[in-house]
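Welcome! Please take a moment with the sequence and the structure shown below, and then we can walk through them together.

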Amino acid sequence: MNSFAEINDKLIESTIEIFTGMVMMEVASAGDPLEKIGPLKKSITGMVGLAGTHKGVLAVHFPNEVALAVTSNFLGMEVGEINEDVQDAIGEIANMLGGNLKTILSDRGRDIQLSLPSTIFGDEYAFSSQAESEQVILPFQSPNGMFYVEVELER
Amino acid sequence: MAKNVLLVDDSSTMRKIISRSLRQAGLDFGEIYEAGDGQEALAMLEKEAIDIVLSDINMPNMNGIEFLREKANRPGIKDIPVFMISTETGEDIIGEAKSLGAIGALKKPFTPEKVNEVLGPLM
């Protein structure tokens, strides 16, 4: 298995590629990986699960204002509230990142299965890790604020 | 003559993005039809005059691989070409898709330039 440092570098590259190429938004890595983030407030999280030789979850956490800007850019139309379009767009970003993570972990494709993407959102919620998982949170800066890509993999 | 395209993806966002990318790539195509999974795609192929299918793999109800397998058993639609557009680009999965008749694959994320490069010759 790749080290988490290698995974981090490739995930940063993938995130920037997805935002530049498909969301049409310039984003940048914003410092060292974090070990945890506090309760998420007025945010939306897109996530996909990994099963098979690597088990875990990839999540991407956006404050609402960033999620709205991302969705507006992604769809090429103004979006003013967290609705089905935003959930679908954020889920699809998690799906693309999950696909890239799967390729990073295994380039053959059959030994890791990806779940369909899902989203959670609300005024305040926690995204907690399992005790037996290795976890990293990558911070990114967008023109509308910070967002975070989180990976948890079972040890 | 411009080809009619069926986009198969459970994400409405992704269907919009692919549709936009086809336009931005300057490709000449006819009608764009949409389906949210393999089952809807099969029904659409039976009903509409579709020339090429651009399909995701990881979808609910009937995924892209199951769609290819089922389509191959339906004489009226089995020869309509299918091109995969997916985050799933592992060689095992793409190999299976090709063995079931897929004519190629494009990895998400993609740019309009990449869409033009790989789909241009098919349009």
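**A walk through two chains**

Reading along its sequence, you will meet the elements of chain A in the order α-β-β-β-α-α-β-β-β-β. That gives chain A 3 helices and 7 strands; helices here are DSSP runs of H or I with at least four residues, strands are runs of E with at least two, and both are numbered from the N terminus. Before going further, please keep in mind that this is a predicted model, in which local features need pLDDT of at least 70, side-chain atom pairs count only at pLDDT 80 or more, and totals for chains, interfaces and linings use all residues. Residues are numbered from 1 along each chain as its sequence is written, while chains are lettered from A and ligands numbered from 1 in the order in which they are written.

Let us look at the overall form of chain A. Its C-alpha trace spans about 40 × 30 × 30 Å along the principal axes. For 155 residues, a compact globule would have a radius of gyration near 15 Å, and the 15 Å of chain A agrees with that. This radius is taken over C-alpha atoms, and the globule rule is 2.2 Å times the number of residues to the power 0.38. Of the 155 residues in chain A, 41% are buried. A residue is called buried if 20 or more other C-beta atoms lie within 10 Å of its own, exposed if 12 or fewer do, and partly exposed in between, with the C-beta atoms placed from the backbone. Contacts tell their own story: among those in chain A with a separation of 6 or more, 65% are between residues 24 or more positions apart. Two residues are in contact when their C-beta atoms, placed from the backbone, lie within 7 Å.

One residue of chain A is worth a stop. Met24(A) sits in the loop between α1 (4-23) and β1 (28-29). Although Met24(A) is not a glycine, its phi is positive, at about 60°. Met24(A) counts as exposed because 11 other C-beta atoms lie within 10 Å.

Where do the two chains meet? In all, 23 residues of chain A are in contact with 20 residues of chain B. On the chain A side, the elements that give two or more residues are α1, α2 (64-75) and α3 (84-105). The largest share, 10 residues, comes from α3(A). Sorted by class, this side of chain A has 8 nonpolar, 8 polar and 7 charged residues. Here Ala, Val, Leu, Ile, Met, Phe, Trp, Tyr, Cys and Pro count as nonpolar, Asp, Glu, Lys and Arg as charged, and the others, Gly among them, as polar.

Now cross over to chain B, which follows the pattern β-α-β-α-β-α-β-α-β-α. It has 5 helices and 5 strands. The C-alpha atoms of chain B fill a box of roughly 35 × 30 × 25 Å along the principal axes. Its radius of gyration is 13 Å, which agrees with the value near 14 Å for a compact globule of 123 residues. Buried residues make up 42% of the 123 in chain B.

Helix α2 of chain B, residues 38-47, has two faces to compare. Its buried residues are Gly38(B), Ala41(B) and Leu45(B). These lie on the same side of α2(B) because they cover an arc of only 55° around the axis, an arc formed by the directions from the helix axis to the C-beta atoms. An α-helix has 3.6 residues a turn, so residues three or four places apart point the same way. The buried residues of α2(B) pack against β1 (3-8), β2 (29-35), β3 and α3 of chain B. On the other side of α2(B), Ala43(B), Glu46(B) and Lys47(B) are exposed.

The loops of chain B complete the tour. Asn61(B), between β3 (52-55) and α3 (64-71), has a positive phi of about 65° although it is not a glycine. Ala102(B) lies in the loop between α4 (91-99) and β5 (104-107), and it counts as buried because it has 22 C-beta neighbours inside 10 Å. Leaving aside residues up to four places away in sequence, Ala102(B) touches Leu68(B), Val82(B), Phe83(B), Met84(B) and Ala97(B). Finally, Pro109(B) lies in the loop between β5 and α5 (112-119), and a cis peptide bond with omega of about 0° joins Lys108(B) to Pro109(B).
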